[in-house]
Amino acid sequence: MARRSKGAVSINPRSAQNMSTRPAAIAKKKQTISPVKVFGAVGALACIVTFLFVQLPGLDVAGTRMFGIFLAAILLWVTEAVPLAGTAVLVIFLEVLFISDHALLSVGEGAPAYTKFFGALANPVIVLFLGGFMVADGAAKYKLDRALSAVLLKPFMGKPRLTVMGVMLITAIMSMFMSNTATTATMFAVMMPVILALPEGKARTGIALSIPVAANVGGMGTPVGTPPNAIALGALENAGVKVTFLQWMLAAVPLMLVLLALSWAFIAWRYIPTDAAFDIDTSARFEKSRSAIIFYSVAGATILLWMTESLHHISANVVGFLPVVVLLMTKVMSGDDLRALDWPVLWLVAGGIALGSGVAATGLDKWMLGSIQWASIPGILLIFVLALVGWVTSNVISHSASANLLIPMGMGLATTVSTSAAEIAIVIALGCSLGMCLPISTPPNAIAYSTGTTPTREMAIVGIVVGIIGIILLAFVAPLTWGFIGVM
């Protein structure tokens, strides 16, 4: 992706929320037919057709067909031969056509109901994420994000490294409840005048890098922070495992805060001189219109209900529908706002849920994992490997695609090892969120790169350091606390 010329950068947070999960949505590219995409499309078609007529040893008809669908999904998600959401809905459609009780070619008795796969599009986790998107979009519409960031930055003004800490902390907190793409766009809108006022060099790069790093790390903190979290929750619900909104936060927020502090320390040490001078506009004001006040109340009530699920016992998924209903009924949000939500991400999550359902329902997970003596591998080493694989793959393909592929397979290990399905799913989801080495790794990275202030080499250095530290904490430290606080 070509860099943008140096100068003022105008980023619309609301439009940024609708960016795709790849940087092609940030800088327009010439539409060319890539050999890699051709390979992905042809390979996916070959997998689907081949395993319609060839049965694998140890698998029944449904399992063999599901294996073909699984391989096709891998090829399409890795090569992006079609849009990510397109692959997700294709998975659902193929499962209905080839392995359900309404399959075109019979799979015999015991086939999963076709409603099981179509139902992924209305899974309760989709409703939870829909509510999160509605809150995030409303925050941008009523400029709550800009006002909050300006107000919260005031206590951090004065010392440059302290200011960077404030930027990262605010970005992370906002990313817990907003799209990390929209959060990154908002923070760049606030910080670009500051960044461009600095001379070219490490300080400019350091501030610019601090925003996507904090957005990626902050999204780990809640179920609505990033799609891999929702994919993990959906897979767990399908397996009959309940992880509440608060339990997720108890598992992820301490890790998030420690990693955020270590990331800030590294960025401050490497990039931010103690004598740098920052002048940030903190004059943003909260809107006081009727609609804005209603939105503030609804958003606050939604977040409070999410965090107190264990007290009132109303599912976070049900609470997620509250802002959708109230904001539309009161005309605070309109049909246009609803259409502007990030529907491709919701369908991508649904495709991941359906993929996991198909893998489990056909016994494909047990077949793929059965050839390795997983029980002989120490649990702590297994967790490290899973986290590492999630991190490596999500650096080169979409975080959501990585989670969709790895979580169903990883959870299949829970029946053969002493590690719980919840722990495996959370570790993989959080490991995927740590992938931030390249401009293509995550939308916040792509936004930062598009400003022309973040060289790829520096982004890779920070991404590797933060990723390795995060994987070590995720594999060897965080799980030790999860049982103590009752998450597992």
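1. The lining of the second largest cavity is a fair place to start. By class, it has 7 nonpolar, 3 polar and 3 charged residues. The model is predicted. That cavity has a volume of about 60 Å³. Its lining is made of 13 residues. Nearest its centre lie Leu-233, Glu-237, Lys-242, Val-243 and Asn-317. Three elements give two or more residues to this lining: helix H6 (124-141), helix H11 (227-238) and helix H15 (316-329). How many cavities of 30 Å³ or more does a search of the whole structure find? The search finds 3.

2. Next, the overall make-up. The chain has 24 helices and 0 strands. It runs to 488 residues, and 57% of them count as buried. Contacts with a separation of 6 or more were also sorted by sequence distance. Residues 24 or more positions apart account for 78% of these contacts in the chain.

3. Helix H8 covers residues 160-177, which makes 18 residues. From its first C-alpha to its last it reaches 27 Å. At 1.5 Å a residue, 26 Å is expected, so the value is close. Is H8 mostly covered or mostly exposed? H8 is mostly covered, with 13 of its 18 residues buried.

4. Helix H23 takes in residues 456-476, a run of 21. Its end C-alpha atoms are 30 Å apart. The span agrees, because 21 residues at 1.5 Å a residue should also give 30 Å. Many positions in H23 can be checked for burial. Among those that are buried are Glu-458, Met-459, Ala-460, Val-462 and Gly-463. Val-466, Gly-467, Gly-470 and Ile-471 are buried too. So are Leu-473, Leu-474 and Ala-475.

5. Val-462 is worth a look of its own. This residue lies in helix H23. Why does Val-462 count as buried? Its relative accessibility is 1%, and the cut-off for buried is under 20%. Setting aside neighbours within four places in sequence, Val-462 is in contact with Leu-209, Val-213, Phe-266, Ile-267 and Tyr-271. One of these partners is far off in sequence: Val-213 and Val-462 are 249 residues apart. In space, their C-alpha atoms are 8.3 Å apart.

6. Now the aromatic rings. A search of the whole structure finds 9 aromatic pairs. One is Tyr-114 with Phe-118, an edge-to-face pair. The ring centres are 6.0 Å apart, with 85° between the planes. Both residues lie in helix H5 (residues 114-118). They are 4 residues apart, about one turn of the helix. Tyr-114 counts as partly exposed, because its relative accessibility is 30%. Phe-118 is also partly exposed, with a relative accessible area of 39%.

7. Phe-266 and Trp-269 make a tilted pair, because their planes stand at 45°. Their ring centres are 6.0 Å apart. Both residues lie in helix H12 (residues 245-271). They sit 3 residues apart, about one turn of the helix. Which of the two is buried and which is exposed? Phe-266 counts as buried, at 17% relative accessibility. Trp-269 counts as exposed, at 63%. Phe-266 also appears among the contacts of Val-462.

8. A last point on rings. Which residues do ring pairs link into a cluster? They are Tyr-142, Phe-286, Phe-295 and Tyr-296.

Conventions. Residues are numbered from 1 along each chain as its sequence is written. This is a predicted model: local features need pLDDT of at least 70, side-chain atom pairs count only at pLDDT 80 or more; totals for chains, interfaces and linings use all residues. Side-chain values use heavy atoms; hydrogens and water are left out. Buried means under 20% relative accessible area, exposed over 50%, partly exposed in between (1.4 Å probe, protein chains only). On a 1 Å grid over the protein atoms alone, a cavity is a set of points where a 1.4 Å probe fits but cannot get out, and a pocket is an open set with protein on both sides within 12 Å along at least five of seven lines; lining residues have an atom within 4 Å of a point. Grid points are joined across faces, edges and corners, and a volume is the space filled by probe spheres set on the points. Ala, Val, Leu, Ile, Met, Phe, Trp, Tyr, Cys and Pro count as nonpolar, Asp, Glu, Lys and Arg as charged, and the others, Gly among them, as polar. Rings of Phe, Tyr and Trp (its six-membered ring) pair if their centres lie within 6.5 Å; planes under 30 degrees apart count as stacked, over 60 as edge-to-face and the rest as tilted. Contact means heavy atoms within 4.5 Å.
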